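Student: I have a model open and a list of labels for it. Can we go through how each label is earned?

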Amino acid sequence: MAITTATGRTPKGANMNRFLPILLVIVVAAGSAAAQQQHAPMSVSTAVQSTLSGTGFGSGAAGPIGNGDLLEMSVFDTPELSGKLRVSNTGEVILPLVGTLHVAGMKSEEAAAVIRQKFIDGNYLKDPQVTVFIAEYATQNVSVMGEVKSPGIYPAFGAHRLLDYLSAAQGLTPLAGARITITHVAHPDAPELVKVTAGATPKPENNPEVLPGDTIYVERTGVIFVVGDVVRPGGFPMDHDGQVSILQAIALAQGTNPTAAKTSVKLIRTTVKGRQEIPVNLKKILQSMSTDLAMQDNDILFVPSSMAKSAIRTVGQAVPTAAAASIYRIP
């Protein structure tokens, strides 16, 4: 009921009392929203950034349990049975009340299920809620070798994929090839081959999961050399699936100079029998009158000059020139 004075006016205090319930509702709603925001789960992008931030990988429990690993077991509402367990060299842990249990090779959720059943079978607990977390991988690391900038052994804390470890190894070198071999510790006799293409967006099938104990090896790509009377002599990686023709090699060297002797080009190839010289008529190849030969790793394409006085006129001078040539990587 409204309160009025003798003059018919409503007191100021009564007006404030009328709005007090509304203010209380607004304050409670704001506090509830803030609490929900504080306890709301992180988004996928936030979780990934939190996991991969820093110099190492975040912990997880995707890999199998191995010897020497440190497990963190939690039994809900039973702190006396919870704690950290170190896996022995034989793959066993000692559980309170239960005793020795072999857990090596299990996933964390599998070990939790076995431990839960042990508590039930021994009539220690009626319906325990058991969780097992791999807090530390002792010996199960991932080795990254080959054509990466920082090869070495990286800790495998949880589940990560190939690109994660390549990033941790500072990326690929200019001589990295298109083939990467992943040797899984569970199947060492069946290595997984991954093909990557420079400058292309990686596909999901080319970014497989890498588990603790796996080995990543990045193969070296082939290198060809173009020396002589060309615009930019040097060495060039064979990025095109290991297939580079003579015309492609000339294009990588930005073409020949006007003084080049196109009919006297030599392809120098090293075989098990020694060095072999293959005559190449570049002029006919440019006119589509001759076959464009495929070059192999360490091949040297020598383009002589037609000028009487030239720094490089003989094949014998082409080999040391190729050895001192710079190696370019075409983006």
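Tutor: Start with the sheet in this predicted model. Three strands form it, in the order β2-β1-β5, with antiparallel pairing.

Student: What makes β2 and β5 edge strands?

Tutor: Count partners. β2 (83-86) and β5 (130-136) each have a single partner strand, so one side of each has no neighbour in the sheet. Neighbouring strands here are turned by 30° against each other on average, direction ignored.

Student: How do you know that β1 and β5 pair?

Tutor: The cut-off is at least two bridges. Six bridges join β1 (residues 70-75) to β5, so the pair qualifies. The two strands run antiparallel. For a landmark, find M73, which stands opposite V132 in β5.

Student: Which helix lies across β1 and β5?

Tutor: Helix α3 (residues 108-121). The helix runs at about 135° to β5.

Student: What makes β6 and β7 a pair?

Tutor: The same test applies: at least two bridges are needed. Strand β6 (residues 141-146) and strand β7 (residues 152-155) have four, in the antiparallel sense. V142 stands opposite Y154 in β7. A hairpin of five residues joins β6 to β7.

Student: Why is T173 called buried?

Tutor: Buried means under 20% relative accessible area. T173 has 16%, so the label is buried. T173 lies in the loop between α4 (162-168) and β9 (176-184).

Student: What makes the T173 and E147 side chains a polar contact?

Tutor: The distance limit is within 3.5 Å for a pair of N or O atoms, one able to donate a hydrogen and the other to accept it. The two side chains make their polar contact at 2.6 Å, within that limit.

Student: Why is K262 called partly exposed?

Tutor: Partly exposed lies between the 20% and 50% cut-offs. K262 has a relative accessible area of 26%, so the label fits. K262 sits in the loop between α5 (246-252) and β16 (265-271).

Student: And T259: where is that, and why is T259 partly exposed?

Tutor: T259 is also in the loop between α5 and β16. Its relative accessibility is 26%, so T259 counts as partly exposed.

Student: Which residues does T259 contact, beyond its neighbours within four places in sequence?

Tutor: D229, S305, S306 and M307. T259 and M307 are 48 residues apart along the chain, yet their C-alpha atoms are separated by 6.5 Å.

Student: How far apart are K262 and P304?

Tutor: They are 42 residues apart in sequence and 7.8 Å apart in space, C-alpha to C-alpha.

Technical notes
Residues are numbered from 1 along each chain as its sequence is written. This is a predicted model: local features need pLDDT of at least 70, side-chain atom pairs count only at pLDDT 80 or more; totals for chains, interfaces and linings use all residues. Side-chain values use heavy atoms; hydrogens and water are left out. Buried means under 20% relative accessible area, exposed over 50%, partly exposed in between (1.4 Å probe, protein chains only). Contact means heavy atoms within 4.5 Å. Axes are lines fitted to C-alpha atoms, for helices over the stretch in contact, and angles run from 0 to 180 degrees between N-to-C directions.
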